[in-house]
Amino acid sequence: MRQTLPWESVPPPIYVSRPPKPRKKWVTVGGWILVVLLLLFGLMSKRSNLPLSVISFGFALLYTLTLLTKKDAVVTTRGLEIFYQMQITTQYDFFPWEQINSIVTEDRKHPDLIRLHIGYSSMEKALFFTRSDAEAIIKLAKEKNPAIRVLDYEAAPKQASEKTEKEITHKGPPEHRRS
């Protein structure tokens with residue numbers, strides 16, 4: 001049974017995030033080997049150490065869910081939409097443009113991808129997009145919510161260090177200075 005995605009009926013543009021590096025086959029195979037080892041350890045230690053056996057079964061279950069989880073994240077005309085598909089459940093996170101307060105671009109020297117930190121409330125999601133998609137997302141964000149701050153990750157540490165130098169020069173943060 002194919003699960004339909006929540007944004008299939010949304011008009012374009014739809015910008016799909018990209019994984020920075022797809023999971024290699026040996027990582028997936030190694031994960032399944034770890035699940036089998038955890039299950040075997042849980043079965044063998046069942047009589048001698050029941051709490052350890054339960055913990056082993058718990059980790060095997062969690063790791064199995066991790067291996068089976070698929071995450072789809074897109075930026076649409078409605079906002080940021082993330083859909084997690086697991087074997088036992090699904091989860092849909094939606095952040096409309098009105099809730100998004102910042103976008104920070106981070107160039108990680110990848111030839112094709114750029115990382116966008118999309119901030120909402122006091123949290124953020126970091127997703128990778130192609131360079132052309134990232135520019136289009138920033139333009140769309142400004143159209144949908146002009147209050148969104150667009151920052152460059154490389155420029156942010158410089159601003160923070162300037163503030164620290166001012167605080168050191170004036171003997172501490174502004175609220176602790178004497179007149």
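Begin by selecting strand S3, residues 79-85, where seven of the seven residues are buried, so this strand is largely enclosed by the rest of the structure. Buried here means under 20% relative accessible area, while exposed means over 50% and partly exposed lies in between, with a 1.4 Å probe and protein chains only. Strands (E, at least two residues) and helices (H or I, at least four residues) are DSSP runs, numbered from the N terminus.

Before going on, note that this is a predicted model, in which local features need pLDDT of at least 70 and side-chain atom pairs count only at pLDDT 80 or more, whereas totals for chains, interfaces and linings use all residues. Residues are numbered from 1 along each chain as its sequence is written, and side-chain values use heavy atoms, with hydrogens and water left out.

**The partners of S3**

Keep S3 selected and add strand S2, residues 70-75, which runs antiparallel to S3 and is joined to it by six bridges; two strands count as paired if DSSP finds at least two bridges between them. S2 and S3 form a hairpin with three residues between them, and in this pairing lysine 70 stands opposite glutamine 85 of S3. Now add strand S4, residues 90-96, which is antiparallel to S3 and joined to it by seven bridges. The hairpin from S3 to S4 passes through four residues, and here the bridge partner of glutamine 85 is threonine 90 in S4.

**Two helices side by side**

Next select helix H1, residues 25-44, together with helix H2, residues 50-68, which pack at an angle of about 160° with their axes 8 Å apart. That angle makes H1 roughly antiparallel to H2. Axes are lines fitted to C-alpha atoms, for helices over the stretch in contact, and angles run from 0 to 180 degrees between N-to-C directions; those under 35 degrees count as roughly parallel, over 145 as roughly antiparallel, 65 to 115 as roughly perpendicular and the rest as oblique.

To see where the helices meet, show the side chains of H1 residues including Trp32, Leu38 and Phe41, and of H2 residues including Ser56, Phe59 and Tyr63. By class, the contact of H1 with H2 has 14 nonpolar, five polar and no charged residues. In this scheme Ala, Val, Leu, Ile, Met, Phe, Trp, Tyr, Cys and Pro are nonpolar, Asp, Glu, Lys and Arg are charged, and the others, Gly among them, are polar.

Within H2, centre the view on serine 56, which is buried with a relative accessible area of 4%. Not counting residues up to four places away in sequence, serine 56 touches Leu38, Phe41 and Gly42, where contact means heavy atoms within 4.5 Å. Then move to serine 53, also in H2, which is buried with a relative accessible area of 1% and, leaving aside neighbours within four places in sequence, is in contact with Gly42, Ser45 and Lys46.

**The open sheet and its helix**

Finally, select the open sheet of four strands, whose order is S7-S6-S5-S8 with mixed pairing. Strand S7 (123-130) and strand S8 (149-152) stand at the edges, each with a single partner strand, so one side of each is left without a neighbour in the sheet. The twist averages 20° from one strand to the next. Strand S6, residues 113-120, pairs with S7 in the antiparallel sense over eight bridges, and isoleucine 118 stands opposite lysine 125 in S7. Add helix H3, residues 131-144, to end the tour: this helix lies across S5 (100-106), S6, S7 and S8, running at about 135° to S7.
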